[in-house]
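I opened the notebook to record what I looked up in this chain. The entries are short and go from the whole chain down to single residues.

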Amino acid sequence: MYQSYCREVEFQPLGISSLFEILEACAASKRTSLHGLDNIAAEGSEGYDNLINLVEDLHSMNVINSEESKELTNSITSSKLYMKTDYKLHVQEENQCATHCRTWLLSDPKNLAFQSICNHHHLFKCEKCQLFTDMCDKIRQVNNSSTTSEELKEEFNKDLDDSIIKIENWGAHIVRTINQDSWRLERLGSLLQGQGIIIMDWAMKFLPQRFREKQTD
C-alpha cells in the first residue's frame, strides 16, 4: 500500500530491506483505550486532581509557599499512584492492618447482620494509606488557619470533603472487586464435573470520545 501510494505521487521510496529494518527498529506499539471507565474509578481519579487544584489555590493565595505546595502535590501524586497500582495487592481477607483487611473493610459498622468478626487485632498502619489521611488533614488545617474569609474557608472545606469521599469510594470499590473475584475463583475451583457457573452482567458499548470518559457520558 505504501509503495502504491509512492508510485501515485511519483515519490521514490526506500528499498524494501531498508523499510523492514526501520520497522524492526521502531516496532509498532499497542495503545490501550481508557474510555468507558466506570464512574467510581473515574470520580476517584478526579478527586485526586481536585486535591491538587486545592493545593494550587492555597499557593496562589499565598497561604503556603512553593516548597509546601510541591510537597503536598508530591504526596497527592504518590497516594494516587498507590491507589491505582499497589493497593489491590495489599488487600487480604485477614490482615493486621485495618486498611488492608477485607473482613473489616466490608463490615457494616452500624448493622450487626452485615458484620464479620476479625480473628486478629489491627496493630499496624500502612504508611501509604496513612499518607492520604495525613495530607488531607494538613490541607484542611492550613485552610482553617489562613486569613481568608470564612465563606472561602467553608467553600474550600466543602470541595475538600467531596474529593475525600470520591477517593474513599474508589478504595471501597477496589475492595469489593477483590472480594467478588475471590469468591468467583473459589467457586470455580470447587466445581464438580458437569457443573458450571453462569455470570450475568450488563453489556456496555462505547465510542471513544475523550481520554477519560465515564459510563454516564
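Below are my entries, in the order in which I made them.

**Entry 1: the whole chain**

I noted before anything else that this is a predicted model. I then looked up the secondary structure and found 8 helices and 0 strands. Read from the N terminus, the order of elements is α-α-α-α-α-α-α-α. The chain has 217 residues, and I noted that 27% of them are buried. I also looked up how far apart in sequence the contacting residues are. Among contacts with a separation of 6 or more, 65% join residues that are 24 or more positions apart.

**Entry 2: helix 3 against helix 8**

How do the axes of helix 3 and helix 8 cross, and within what distance do they come? I found helix 3 at residues 39-60 and helix 8 at residues 150-189. Their axes come within 8 Å and cross at roughly 150°. Angles over 145 degrees count as roughly antiparallel, and helix 3 and helix 8 are therefore roughly antiparallel to each other. The crossing of helix 3 with helix 8 is left-handed.

I listed the residues that meet here. From helix 3 they include Ile40, Ala41, Gly44, Tyr48, Leu51, Leu54 and Leu58. From helix 8 they include Phe156, Leu160, Ile167, Trp170, His173 and Arg176. Sorted by class, this contact of helix 3 with helix 8 has 10 nonpolar, 7 polar and 5 charged residues.

**Entry 3: helix 4 against helix 7**

I turned to helix 4 and helix 7, which pack at an angle of about 145°. Their axes are 9 Å apart. Helix 4 and helix 7 also cross in a left-handed way. On the helix 4 side I wrote down, among others, Leu72, Ser75, Ile76 and Tyr82. On the helix 7 side I wrote down Leu131, Phe132, Met135 and Ile139, among others. By class, the contact of helix 4 with helix 7 has 8 nonpolar, 3 polar and 3 charged residues.

**Entry 4: the largest nonpolar core**

Which residues of the largest nonpolar core touch the most other members? The core has 30 residues, and those I was after are Tyr48, Leu51, Ile76, Tyr87, Phe132 and Ile139. Helix 3, helix 4, helix 7 and helix 8 each give at least two residues to this core. Helix 8 supplies the largest share, with 8 residues. I added a general remark: in soluble globular proteins, nonpolar side chains tend to be buried together.

I followed up one core member, Ile139. Setting aside residues up to four places away in sequence, Ile139 touches Val55, Leu58, Leu72, Ile76, Phe156 and Leu160.

**Entry 5: three buried residues**

I looked up Ser69, which sits in helix 4. Is Ser69 buried or exposed? Its relative accessibility is 9% and the limit for buried is under 20%, so Ser69 counts as buried. Apart from neighbours within four places in sequence, Ser69 is in contact with Val55, His59 and Ile64.

Ser146 is in a loop, the one between helix 7 and helix 8. With a relative accessible area of 10%, Ser146 is buried too. Its contacts, again leaving aside neighbours within four places in sequence, are Val63 and Lys153.

Gly171 belongs to helix 8. Gly171 is buried, with a relative accessible area of 8%. Outside its neighbours within four places in sequence, Gly171 is in contact with Met83 and Tyr87. I had already listed Tyr87 among the core members that touch the most others. I also looked up the pair Gly171 and Gly44, which are 127 residues apart in sequence. In space, their C-alpha atoms are 8.2 Å apart.

**Entry 6: two residues with positive phi**

Which value does phi take in Glu10? It is positive, about 55°, although Glu10 is not a glycine. Glu10 is in the loop between helix 1 and helix 2. At 76% relative accessibility, Glu10 counts as exposed.

Asn62 is another residue other than glycine with a positive phi, in this case near 60°. I found Asn62 in the loop between helix 3 and helix 4. Asn62 counts as exposed, at 69% relative accessibility.

Notes:
Residues numbered from 1 in each chain as written. Predicted model: local features only at pLDDT ≥ 70, side-chain atom pairs only at ≥ 80, totals over all residues. Heavy atoms only, no water. Axes fitted to C-alpha atoms, helices over the stretch in contact; angles between N-to-C directions. Helix = DSSP H or I, 4+ residues; strand = E, 2+ residues; numbered from the N terminus. Parallel < 35°, antiparallel > 145°, perpendicular 65-115°, else oblique. Left-handed = near helix turned anticlockwise from the far one by under 90°. Contact = heavy atoms within 4.5 Å. Nonpolar A, V, L, I, M, F, W, Y, C, P; charged D, E, K, R; others polar. Buried < 20%, exposed > 50% of the residue type's maximum accessible area, 1.4 Å probe, protein only. Core = buried A, V, L, I, M, F, W, Y, C linked by side-chain atoms within 4.5 Å.
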